[in-house]
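User: I would like to learn how to read side-chain contacts, burial and cores from a model. Could we work through one case step by step?

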Amino acid sequence: MKIAVEGCCHGELDKIYETIAFLEAKENVKVDLLLCCGDFQAVRNEADMKCMAVPPKYRQMQTFYKYYSGEKKAPFLTIFIGGNHEASNYLQELPFGGWVAPNIYYLGYAGVVQYRGIRIGGLSGIFKSHDYRKGHFESPPYNQQTMRSAYHVRNIEVFRLKQIRQPVDIFMSHDWPRGIYHFGNKSQLLKKKSFLRQEVESNSLGSPAAAELLQHLQPTYWFSAHLHVKFAAFMQHRAEKDSLPKSTKFLSLDKCLPHQDFLQIVDIEEDPSSSNRLEYDLEWLAILKATSSFINVTQKNWNMPENNSLYSRWDYSVSESDLKEVLSSLGGDRCIPENFSMTVPGYDPSNPQPNREPMHAVNPQTTELCACLGLTDPNIQLGKGDSDEEEEEDDDDQSSGSTDEPSEYPTDTSGLSNSFNPDEITIEEEWEEVPEEVEQELRSPPRLILPSPKAAESTGMDTSKQIKSFSPLLLTLDDSSGFSRGYSAQDSMSDSPLEDANELDNTEEQQRIDEKERTNWSGSSPAASNTSGSEAGAVRPSKRNSGETSNGNVGLKKIKRRNQSIYAAKDDEEDDS
């Protein structure tokens, strides 16, 4: 099965689908599924734009509303997670996932689904320690603070994902797992993004929660975005008792801009006996049901159960009987119902409504799923608790919140981002941000949460063989060089090729391996075209051409925010960490 993976979408659905369609025609392939790694921007109308954490002048309608209204339909199944620039009010309607438009599925705050036998999981948002242990208390209309905290990862989602015991094929997160850069070509990364050096060297770049999930889930593939750079890594995990070590192929991609590596196609073996429809994952639904009582819709810190004397139970993994009970609740049908419905009017270009205001809403998809499985809908809880929480929230706005609380990650430095891009300009006059306090001083020297790249040596595995198995499937063009080439969206009108594929992202240890055995996400020899299953890889990513209209955000200046993150620019480096 051909799966297209896209980095940050930023509402550019038309251009992404058009680029894939051109690639399909040029390469004579058929894409079956699109995965988007955040910043999807499912903006339905003017009210949704007011819920998106970007400076006002970068709030643009883009093209999602056409798919929401039915004017257009996604040409193939599209699955996405949330990032840190989203219409959070809409995604909040679907905490457990659901259809945001026909054929476009959101995984929820966290979620796992299955498609053609491939198990796909994801975690929405980015990590910020001071909101990590809070509930999802935010409710539209948001203020400047809750507009951002709404997309921050919470511990309940991470706890639920850590209850998974069955293998995961693909996992998506918006921000990177902390430490993953030690397993790829770090020098090349820093050459592209030199302002990340301090965080890379101090091992403070990325999400410690995602790193913990990477260790636990050990998926075959892990896709991310957020930093607006293409970066590949190969991580071999430590062997568990009575089993061979697993490995994860990590890939982060850029956002949809001209000449950026924003799209990659991977080929993964599907189960021919499985359904062609998107299906619920029984284990995940059983976990949601088992942990439903943990839902918190307040700003109070809430710790998940741990293996200590404070909790009588800390393991919420599910049994075979739990799976059967969930399947029975679904009436024996695991297929996700195609029950999308519009909950607000869509944008009408002929009749703009700039004064539309966002409202708190309950989505019938969530209501139906909760009724089926006996889950608690956090949006209904929010609606009931609005009056009770108003006074408490006002008090919390006057205080430092959870900033005095120690993080459960002993080396957490999520509030200490020092990334600096000398080419940035400030926008404080455009959008004044509420200052964020640093939660704590580092209580110990930074340590790597992920296993050492040399961990494989202790297992006795032949690392060179593992790297060789990472050889990508290459959809070559009729080119004597044997290497794939990237093409822009306008190459159908021009025969001029773009630059050759980037070289493989490898660790320094891997550079001792012979050139013929090196792994390359972006290019390989035609001999690799027979690779399948676990040895599947990717083709050269397509790039968009710079000859676009102003709607493509081409030519905008770089933007700097207080914490050195950058939004909406040609080649911006968004961090918001």
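**Reading contacts, burial and cores**

Analyst: Start with a single polar side chain: that of N155 reaches the backbone oxygen of W302 at 2.6 Å. Keep in mind that this is a predicted model.

User: Where is N155 found, and is N155 buried or exposed?

Analyst: N155 is in helix α7, which covers residues 155–161. For burial, compare the relative accessibility with the cut-off: buried means under 20%. N155 has 5%, so N155 counts as buried. You can also look at backbone spacing: the C-alpha atoms of N155 and K134 are 7.8 Å apart, with their positions 21 residues apart along the chain.

User: How many helices and strands are in the chain, and what share of the residues is buried?

Analyst: The chain has 16 helices and 15 strands. Of its 577 residues, 60% are buried. The exposed surface comes to about 23,300 Å², with carbon and sulfur atoms supplying 46% of it.

User: How do I read the sequence range of the contacts?

Analyst: Take the contacts between residues at least 6 apart in sequence, then ask what portion joins residues at least 24 apart. In this chain that portion is 79%.

User: Which residues have the most contacts inside the largest nonpolar core?

Analyst: They are I3, I79 and F223, in a core of 86 residues. Helix α11 (residues 282–290) gives this core its largest share, six residues. Another core lies apart from it, with 30 residues, including L13, F76, L94 and Y106.

User: What is I79 in contact with, leaving aside its neighbours within four places in sequence?

Analyst: The contacts of I79 include L33, L34, L35 and C36. Y105, L107, V113, I120, M172 and L278 are also in contact with I79.

User: Now the charged pairs. How many salt bridges does a search of the whole structure find?

Analyst: The search finds 19. For each pair, read the N to O distance, then the burial of both partners, then their places in the chain. One of the pairs is D48 with R44, whose closest N and O atoms are 2.6 Å apart. Both D48 and R44 are buried.

User: Where in the chain are R356 and E46, and how does their burial read?

Analyst: R356 and E46 form a salt bridge, with 3.1 Å between the closest N and O atoms. The pair links distant parts of the chain: R356 is in the loop between α12 (320–329) and α13 (364–373), while E46 is in helix α2 (residues 46–49), 310 residues apart. R356 has a relative accessible area of 23%, so R356 is partly exposed. E46 has 7%, so E46 is buried.

User: Which parts of the chain does the pair of E283 and R119 tie together?

Analyst: The side chains of E283 and R119 meet in a salt bridge at 2.5 Å, N to O. E283 lies in helix α11 and R119 in strand β7 (residues 118–123), so the pair ties together parts that are 164 residues apart in sequence. The relative accessible area of E283 is 3%, so E283 is buried. R119 is buried as well, with 4%.

User: Which residues do salt bridges that share partners join into one network?

Analyst: D14, K66 and K72 are joined in this way.

Terms used. Residues numbered from 1 in each chain as written. Predicted model: local features only at pLDDT ≥ 70, side-chain atom pairs only at ≥ 80, totals over all residues. Heavy atoms only, no water. Helix = DSSP H or I, 4+ residues; strand = E, 2+ residues; numbered from the N terminus. Buried < 20%, exposed > 50% of the residue type's maximum accessible area, 1.4 Å probe, protein only. Polar contact = N/O pair within 3.5 Å; in protein donor to acceptor, adjacent residues only side chain to side chain. Contact = heavy atoms within 4.5 Å. Areas by Shrake-Rupley, 256 points an atom, 1.4 Å probe, with all protein chains shown as cover. Core = buried A, V, L, I, M, F, W, Y, C linked by side-chain atoms within 4.5 Å. Salt bridge = Lys/Arg side-chain N within 4 Å of Asp/Glu carboxyl O.
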